[in-house]
Amino acid sequence: MSESIRGIPVFAARSEGASRRRRAARPTAREWARHTALFILTALTATWAGTMSAFWSLSDAPQVLVASPATPLDYILFIPRQLFGELGAGALYSFAHPSLIFDGAIFALALLAILLAHEAGHYVACRLYGVDATLPYFIPMPPPFMAGTLGAFIKIRSPIPSRRALFDIGVAGPLAGFAMIIPVAVAGLLTTTPQALPLDATGMIRFNDPLMLQLLAWVLGVRDLANTAPNPFYFAAWIGLLVTSLNLMPVGQLDGGHAVYAFFGARVHGLVGRVAFLFVLLLAPLGWFLHGAPTGVVYALLLFIMLRLRHPRAEDERDSLGLRRTLVALFTLLVFLLSFLPFPLTVS
């Protein structure tokens, strides 16, 4: 991860007296080894997930047939047997067709670049303000989880010195990640191929396109985006936008919650968080009935957990954020609107 302070947006002011007197601890060799191992393991599980996604998207993929359950134990084991059967079939097919593994590696590279950019934004902003923070923890998660990872996070180990520091550290991550998403999305859109869905298609998962991908498709002249086959770059950009929108929700200790707290204080932060949670909770049944997917329930569960976590106070909350940060906040809101989808998946 780059620690170049020159790469930090200009809104992260370095001249604050409290910040200059601080110096964050540097990672030890043991910490580098631990975080590097997690990164490599996540790269492997993301490659595996990308390979399986490519396998499942094939129209001529081998079918795995599990015997119909006849006993209570069979019913319990039916889904695990089906899942492990498909994972095994996918592995055998992929080794016979290495292009699928190559697609999986491209997906992992693109997705981890987005996640790394996001965490680098947080980490370098922390170092700029003298806030002690860990290197990114990457969380591996093998298939059937479609991304191969639960994302990444850094752990802040010292107090936030000011409102400005809280705002800058909070928004630096999603803005850096969004900047990385753009070239990945462009690569995905420029390499799309048409895909005609059968009229009687059932049990298919459709990835609905956030506004950012729709606008880029229009600029690049990609027509009928809904009927194109997802490729590794597109898939990574789609997940990156989903992660960005989730992080920018104005709740709890999410990045959007940090920004709201820094701008409006604890009272408004709590109120906005509860309103956002109720909004998502109301959308959950619509997603189930209209799109056949429980994504709204996942959103609501995440926000409920975030609401239960108390937001830490900055050491000095008297400083003003100023015009530059107000403009950055408006741009961050635009990034959220370009990334957010209330119903990201449709299951036919």
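**Salt bridges and overall build of a predicted model**

Asp132 counts as buried, at 17% relative accessibility, because that value falls under the 20% cut-off. This residue belongs to a predicted model, in which a search of the whole structure finds five salt bridges. The briefing below begins with the protein as a whole and then turns to individual pairs.

**Overall build**

- The secondary structure of the protein consists of 11 helices and six strands.
- The protein has 348 residues, of which 46% count as buried.
- Where contacts link residues at least 6 apart in sequence, 80% of them join residues at least 24 apart.
- The protein has an accessible surface of about 18,300 Å², and carbon and sulfur atoms account for 69% of that area.

**The pair Arg157 and Asp132**

- Side chains of opposite charge can pair when their charged atoms come close.
- Asp132 and Arg157 form a salt bridge, with 3.5 Å between the closest N and O atoms.
- Arg157 is located in the loop between strand 2 (149-153) and helix 5 (163-190), while Asp132 is located in the loop between helix 4 (98-128) and strand 1 (137-140), so the salt bridge ties together parts that are 25 residues apart in sequence.
- The partners can be described separately: Arg157 is partly exposed, with a relative accessibility of 39%, whereas Asp132 is buried at 17%.

**The pair Asp168 and Arg325**

- A salt bridge also joins the side chains of Asp168 and Arg325, at an N to O distance of 3.0 Å.
- Asp168 is part of helix 5 and Arg325 is part of helix 11 (residues 322-339), so this pair ties together parts that are 157 residues apart in sequence.
- Asp168 has a relative accessible area of 1% and is buried; Arg325 is buried as well, at 2% relative accessibility.

**The pair Arg313 and Glu317, and a shared network**

- Arg313 and Glu317 form a salt bridge in which the closest N and O atoms are 3.2 Å apart.
- Arg313 counts as exposed, with 52% relative accessibility, and Glu317 counts as partly exposed, with 24%.
- Elsewhere, Glu31, Asp132 and Arg157 are joined into one network by salt bridges that share partners.

Terms used: Residues are numbered from 1 along each chain as its sequence is written. This is a predicted model: local features need pLDDT of at least 70, side-chain atom pairs count only at pLDDT 80 or more; totals for chains, interfaces and linings use all residues. Side-chain values use heavy atoms; hydrogens and water are left out. A salt bridge is a side-chain nitrogen of Lys or Arg within 4 Å of a carboxyl oxygen of Asp or Glu. Helices (H or I, at least four residues) and strands (E, at least two) are DSSP runs, numbered from the N terminus. Buried means under 20% relative accessible area, exposed over 50%, partly exposed in between (1.4 Å probe, protein chains only). Contact means heavy atoms within 4.5 Å. Accessible areas come from the Shrake-Rupley method with a 1.4 Å probe; for residues, only the protein chains shown count as cover.
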